[in-house]
Amino acid sequence: YFGLLKDYSFNENTAKNDRQSRANGKAAFSKAIALLPDGSENKFWSFRYDETLRFSFECKVHEVCDGLTFYMAIKGTTSETIITNIKTNIVSKDLKVGDTISFKLSIPACHVRSGQYDLYFAIGNKAGTSWYDVIDGNINLPALIVTAINEDIHDNIGYITIPYSIDEKTY
């Protein structure tokens, strides 16, 4: 199965024209990889439901930037529907030409249900109102694959698992 997946290789020049048509290019992703539990590259972007989803990013600054915000959307593969997203400030101070920013993102195990999802990553200014770079399926970014750990239909339908508790039971 994994042999059928598209070859993913990425650097800051991958699909540069597409990326620059959707963002201003003041900074750019130079690395975006999924990680295995041991920290090595997860070439297939595939995780078990009970594994933490881990990603590593590196960005290079090409023009003075007003901080750095990271945005991620997890989307359905058959539509552009955003299932959930993350937007967080990585650096609040001004960045100068030549700066390199590296960071890792972790999504706790058992929150994204089994399935295949398209990913969308963007970096922008600290307010998140102007985007420096965008990477997604247009640049051959692999789909996120989360595999089931059992055959219980109720554990494997839907997109996300929400934390919950049941309190004050009486019978």
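Buried means under 20% relative accessible area, exposed over 50%, and partly exposed in between, with a 1.4 Å probe and protein chains only. The model is predicted, so local features need pLDDT of at least 70 and side-chain atom pairs count only at pLDDT 80 or more, while totals for chains, interfaces and linings use all residues. Residues are numbered from 1 along each chain as its sequence is written, and side-chain values use heavy atoms, with hydrogens and water left out.

**Exercise 1. Salt bridges around R22**

Task: find which residues form salt bridges with R22, and state whether each residue involved is buried, partly exposed or exposed.

Solution.

Step 1. Start with the rule: a salt bridge is a side-chain nitrogen of Lys or Arg within 4 Å of a carboxyl oxygen of Asp or Glu. Side chains of opposite charge can pair when their charged atoms come close.

Step 2. The side chain of R22 meets that of D18 in a salt bridge, at 2.9 Å from N to O. Both residues belong to helix α1 (residues 16-22), where they are four residues apart, about one turn of the helix. Helices here are DSSP runs of H or I with at least four residues, strands are runs of E with at least two, and both are numbered from the N terminus.

Step 3. D18 counts as partly exposed because its relative accessibility is 23%. R22 counts as partly exposed because its value is 29%.

Step 4. R22 also forms a salt bridge with D136, where the closest N and O atoms are 2.8 Å apart. This pair links distant parts of the chain: D136 is in the loop between β8 (131-135) and β9 (144-147), R22 is in helix α1, and 114 residues separate them. D136 has 7% relative accessibility and therefore counts as buried.

Step 5. Put together, D18, R22 and D136 are linked in a network of salt bridges. A search of the whole structure finds eight salt bridges.

**Exercise 2. A salt bridge between two loops**

Task: locate K126 and D66 in the chain and describe their salt bridge.

Solution.

Step 1. The side chains of K126 and D66 meet in a salt bridge with an N to O distance of 3.5 Å.

Step 2. The pair links distant parts of the chain, 60 residues apart: K126 sits in the loop between β7 and β8, and D66 in the loop between β3 (53-61) and β4 (68-76).

Step 3. With 40% relative accessibility, K126 counts as partly exposed. D66 is partly exposed too, since its relative accessible area is 34%.

**Exercise 3. Aromatic residues**

Task: describe the pair F57 and F121, then name the cluster that contains W45.

Solution.

Step 1. Rings of Phe, Tyr and Trp (its six-membered ring) pair if their centres lie within 6.5 Å; planes under 30 degrees apart count as stacked, over 60 as edge-to-face and the rest as tilted. The whole structure has twelve aromatic pairs.

Step 2. F57 and F121 form an edge-to-face pair, with 4.9 Å between centres and 70 degrees between planes. F57 lies in strand β3 and F121 in strand β7, 64 residues apart, and the pair links distant parts of the chain. Both F57 and F121 are buried.

Step 3. One aromatic cluster is formed by F29, W45, F47, F55, F57, F70, F103 and F121.

Step 4. W45 is in the loop between β1 (27-35) and β2 (46-48). W45 counts as buried because its relative accessibility is 0%. Its phi is near 55 degrees, a positive value in a residue other than glycine.

**Exercise 4. A sheet of three strands**

Task: give the strand order of the open sheet that contains β3 and name its edge strands.

Solution.

Step 1. Two strands pair if DSSP finds at least two bridges between them.

Step 2. The open sheet has three strands in the order β1-β3-β6, with antiparallel pairing. Its edge strands are β1 and β6, each of which pairs on one side only.

Step 3. Eight bridges join the antiparallel strands β3 and β6. R54 stands opposite S106 in β6.

**Exercise 5. The surroundings of K26**

Task: place K26 in the chain and list its contacts beyond its sequence neighbours.

Solution.

Step 1. K26 is found in the loop between α1 and β1. K26 is partly exposed because its relative accessible area is 30%.

Step 2. Contact means heavy atoms within 4.5 Å. Leaving aside neighbours within four places in sequence, K26 is in contact with V61, H62, E63, V64, C65 and Y132.
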